[in-house]
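Please consider the predicted model shown below. The explanation that follows moves from pockets to a helix and then to a sheet.

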Amino acid sequence: MEYFTLNNGVKIPQIGFGTFQIPEYAAAKRAVSEALEVGYRMIDTAAAYMNERAVGDAIRESGLKREEVFVTSKIWVQDIGYESTKKAIDRSLAELGFDYLDLMLLHQPMNDYYGGWRALEEAYRAGKLRAIGMANCYPHVIADLCLSVEIPPMLNQVEIHPFFQQQKNLDTMREFGVLPQAWGSFAEGKFGIFTHPVLTEIGKKYGKSAAQVSLRWSLQRGACVIPKSVHQERMRQNLDVFDFSLADEDMKKIAPLDRGRSEIVDHFSPEFVKMLHGLKLHD
């Protein structure tokens, strides 16, 4: 495994295992256990994924020491605000069964996210969180946050793949020392990504799949990745991207694939925002 270094000196694996859309306890626990078995050392979960308990149990039963696994979770929109975020941090720690988290993110820059950020800062200073960050922040949001808070975000988890490349966001994060982390590295299967002619042709040059090319492309742009699969062989393939590097000419071939917008979510739609606010995890 290779690592990036966050702006506070904490090292984070370049590839982690995502657990989105695995809410059922047994399935989530099995997937995380298999991911750890094949070599993943970063697990990404969230309160909204409804699988924190399964993630914690899988890590405890893996035989690995707690400090060997980098664990990320996220505070949901409902709980973003100073007092509610403090409670949500403790709730996630209890669900996971851990004394600390390696990284806690605010899942969306919504609700009172400045109040929520103050709660993250306090938990960070108290040692409950080794690192703190945001998710789904576009360039203007991450810039404003970095210019306004005492402890700038260490990471921003956003949608990044060859069809939504977010170059301005990457440039902004680089300016403020925030590490990009890509969710949706495979565009949730859209655009024929697994058989896309450009990615497939590049892959043939290196003996790699289109999926592996997509992951390598993100890594070379300075973003860590958290691909998800419930199939162990694909988990192995997603890890197998450290034995080659894409040539500049191949990176340039991927650049024109950018559509400049997400086809998965629309954070600029009032209806989408209302939907996120309407998702309640608890009373």
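Helix α3 contributes four residues to the lining of the second largest pocket, the largest share of that lining. This pocket has a volume of about 270 Å³. Its lining consists of 16 residues, and those nearest the centre are A47, M50, N51, E52 and E95. Two elements, α2 (52–60) and α3 (82–96), each give two or more residues to the lining of the second largest pocket. By residue class, the lining of the second largest pocket holds seven nonpolar, three polar and six charged residues.

Helix α2 deserves a further look. Seven of its nine residues are buried, and α2 is therefore largely enclosed by the rest of the structure. The buried residues of α2 are E52, A54, V55, G56, D57, A58 and I59; of these, E52 is also one of the residues nearest the centre of the second largest pocket. The elements that cover the buried residues of α2 include two helices, α1 (25–38) and α3, together with the strands β4 (42–44) and β5 (70–75).

Strands β4 and β5 lead on to the sheet. They run parallel and are joined by three bridges, and D44 stands opposite T72 in β5. Strands of a sheet pair through backbone hydrogen bonds, in either a parallel or an antiparallel manner. Here eight strands form an open sheet with parallel pairing, in the order β3-β4-β5-β6-β7-β8-β9-β10. Its edges are β3 (17–18) and β10 (224–225), each of which pairs on one side only.

Further along the sheet, helix α6 (residues 167–176) lies across β8 (155–159) and β9 (179–183). The helix runs at about 175° to β8. Angles run from 0 to 180 degrees between N-to-C directions, so the directions of α6 and β8 are close to opposite.

What, finally, lines the largest pocket? Its lining comprises 41 residues, with F20, Q21, W183, G184 and E188 lying nearest the centre. The space in the largest pocket amounts to about 1,000 Å³. Among the elements that line it, the helices α8 (210–220), α9 (232–239) and α11 (270–278) each supply at least two residues. The lining of the largest pocket divides into 20 nonpolar, 17 polar and four charged residues.

Note on methods
Residues numbered from 1 in each chain as written. Predicted model: local features only at pLDDT ≥ 70, side-chain atom pairs only at ≥ 80, totals over all residues. Heavy atoms only, no water. 1 Å grid on protein atoms, 1.4 Å probe; cavity = no way out; pocket = protein on both sides within 12 Å on 5 of 7 lines; lining within 4 Å. Points joined across faces, edges and corners; volume = space filled by probe spheres on them. Nonpolar A, V, L, I, M, F, W, Y, C, P; charged D, E, K, R; others polar. Buried < 20%, exposed > 50% of the residue type's maximum accessible area, 1.4 Å probe, protein only. Contact = heavy atoms within 4.5 Å. Pairing = 2+ DSSP bridges.
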